[in-house]
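Take this structure from the inside out. Start with its empty space, then turn to a helix and two serines.

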Amino acid sequence: MDKVTLQVFSNHARAAAENMAYTLYRTAHSTFVKETEDFTVQILEPGGQVAAVPMDFGATWYPGIDYGAAIGMIDGYEPGDIGFTNDPYSGFLATHVPDLHMWKPIFEDGEILAWACGHIHNTDMGGAVPASLSRTLTEVHQEGIRFPPMKMVARGELNEQALRIMLLNVRKPEQNLGDLKAFRGALDTGERKLRAMIRKFGPEGFRRNIAGLLDYAEHQAREALRSIPDGEYRFADYCDEDGPDGNPVRLALRLVIKGDEAVLDFTGTDPQLTSALNVPTGSHPRHTLLLVGVYYVLYTLNPNLMLNAGLTRPFTCIVPEGTALNPVFPAAVGMRSLTCARLRSLIFGAFSLAMPERMPAAPAGSSSILNVMTTDNRTRRSVLAAINPIVGGGGGMPTRDGTNGSGADSAYLKNTPVEITETEVPIRILRYGLMRDSGGAGRWRGGLATALDFTVFAPNSRVTARNRDRCRFRPWGTLGGKAGAPSDFVLNPGTPRQKVLGNIDLVTMDPGDVLHIHSPGGGGRGDPLAREPARVAQDVRRGYVSAEAAARDYGVVLRDGEVDEAATAALRARLPAPSGAHFDLGPERLAHEGIWTEEAYGQMTAIMQDLPTHWRFFVKARLFDLLREPAADGAAAVRAAFEALRQRYPGLAA
């Protein structure tokens, strides 16, 4: 390939994607699209693989998404057609029901040379709860109305019947309709830009260059892999609960790097859940949700990376069917973003073992999306809107502190200004800012958490806070750095009616009630005693760290805001040095793994592989009920507990 021509073509393709994104961003109706920017747009090559994405708009999960299966479920395309789907199990394109994907073919002389496509996250698609998503749901049928791949527009004519069915089943149809119209306009923009590219480069040049974008991204990914030491790296991480008041969800990874290829083996991950935390990947060896963490790692190693599906080619994922990362229909999947956040932390941890000098500590790994359904007392109309993503801090970096309140791997979720929120939703925000002492201590401190307090004015106001997690298992620190602070969710804090909600994600509020939420902080990196006392004092002046935490975590003594050099030297001499362990996992995880050791989990995995899918979650729950204390031989204890279950349940024995 002529690299100069390819770069020029790449710039044109990215500009086309940016124009599509800008059209959608400026014309969308719902706050979640026009402010939070939970949407994507892409340019696809003819087979449905992503060739170009915008860099400054929308979600960053999807540069490796594969539209091919969903595209193929529609028989025949003509100019002016637009396909759509939001069914997570139809081609495993839409990964939960609120995500409406649409794609438009770009023809030249009767041949499809490209596709303009993307998705919008609808605030509500019907279902059991406002905003459609809650971990309490147990099957995909409860998560809203689903459409398999079909034509939303045929030869320029809108499918009015499909649209009527959709709008009948959602809670705020005007939002869905407005966003859909904006989305259609964005696809039209993409078509115009792509036609201009075809004229500029010619049909054959367009074909050659759009394929070349994927080949070049593959080359860049392989170059990055060759810079990482060959080896096998194992890591595990946990979601707090597999359901309301449930047991932890363990995600396991064996990362094998050999030359310019890598295998990600997720064997050992917990069985699929009866809650909505499952991640629908359909056994696809390069499903984009499995590789989002990889995109972040590669981009960290090479900020000039071309973001497209070529990045996925050197990677192969092994994901056993019937697990939380590859569920079987009709498992609920609406909260897959919570599990995906932990999946990213899992991948970051494995790569941290492979190249500790180049990787940060864990980001917060929990981005709670708040939606409020309430009544406007003036108009008596119901209002449903997303009010803000509550994103945590980034992990401590190799050469700087973690980003405050921005979440590193969730930084694409934009905050909504308080003034806009209070204009569109009848609530009052009492506090919105950073949470002191939430970042993990380290030579490079973890980023601070975000905190939000608000009150409502109408009875029976319902709040959904999806992705609530990290109340229990903290974002880990590395190389002597400490784990970040956990998240919290409290109704009426500091009053006699205070109620700690933990990871509950559906709350009913009445007039005068106050809801407080804060995210986790990022993990710290490096020995906290190596942090310069002046830098700690500056953190105290800024309100990032309290004077008590400065002494406790950093050994820095302050007098009237200034460092007491002698007292600091004496205190630091008394404080213990780091243990030398690669990770600080936090006391909660250490206590859990004192009972559920690697050997115990390995035995449970072996048992699950021989069980029918519908028995697995039940057996896991019963095993956790039976194993509450450390055992000398964790694997033997699991085997004995399973034998007791076989005796108790004849269906299991059969």
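The lining of the largest cavity is mixed: 8 of its residues are nonpolar, 6 are polar and 5 are charged. This is a predicted model. It holds 3 cavities of 30 Å³ or more. The largest has a volume of about 180 Å³. It is lined by 19 residues, and those closest to its centre are Trp61, Arg336, Ser337, Tyr412 and Asn467. Two elements give two or more residues to this lining: helix H7 (336-354) and strand S12 (367-375). Helix H7 gives the most, with 5 residues. The general idea behind such a search is simple. Rolling a probe the size of a water molecule over the atoms shows where empty space is left.

Now go to helix H13, residues 598-609. Does its length fit, or fail to fit, the count of its residues? At 1.5 Å a residue, its 12 residues should span 16 Å. The C-alpha atoms at its ends are 17 Å apart, so the two values agree. Next, look at which residues of H13 are buried. They are Ala600, Tyr601, Gln603, Met604, Thr605, Ile607 and Met608. As a general point, an α-helix has 3.6 residues a turn, so residues three or four places apart point the same way. What do the buried residues of H13 pack against? The partners include two strands, S8 (231-239) and S9 (249-258). The others are helices H12 (587-595), H14 (613-626) and H15 (634-648).

Two serines come next, each in a loop. Ser132 sits between strand S5 (111-121) and strand S6 (150-154). Is Ser132 buried or exposed? Its relative accessibility is 0%, so Ser132 counts as buried. Leaving aside neighbours within four places in sequence, Ser132 is in contact with Pro98, Asp124, Met125, Gly126, Leu137 and Glu143. With Gly126 there is a polar approach: a polar atom of the Ser132 side chain lies 2.7 Å from the backbone oxygen of Gly126.

Ser283 lies in the loop between strand S10 (261-265) and helix H6 (288-301). Its relative accessible area is 43%, and therefore Ser283 is partly exposed; the range for that class runs from 20% to 50%. Which residues does Ser283 touch, not counting those up to four places away in sequence? They are Glu321 and Asn326. Asn326 is 43 residues from Ser283 along the chain, yet their C-alpha atoms are separated by 6.3 Å. The side chains of Ser283 and Asn326 are joined by a polar contact of 2.9 Å.

Definitions and conventions:
Residues numbered from 1 in each chain as written. Predicted model: local features only at pLDDT ≥ 70, side-chain atom pairs only at ≥ 80, totals over all residues. Heavy atoms only, no water. 1 Å grid on protein atoms, 1.4 Å probe; cavity = no way out; pocket = protein on both sides within 12 Å on 5 of 7 lines; lining within 4 Å. Points joined across faces, edges and corners; volume = space filled by probe spheres on them. Helix = DSSP H or I, 4+ residues; strand = E, 2+ residues; numbered from the N terminus. Nonpolar A, V, L, I, M, F, W, Y, C, P; charged D, E, K, R; others polar. Buried < 20%, exposed > 50% of the residue type's maximum accessible area, 1.4 Å probe, protein only. Polar contact = N/O pair within 3.5 Å; in protein donor to acceptor, adjacent residues only side chain to side chain. Contact = heavy atoms within 4.5 Å. Expected span 1.5 Å × (residues − 1).
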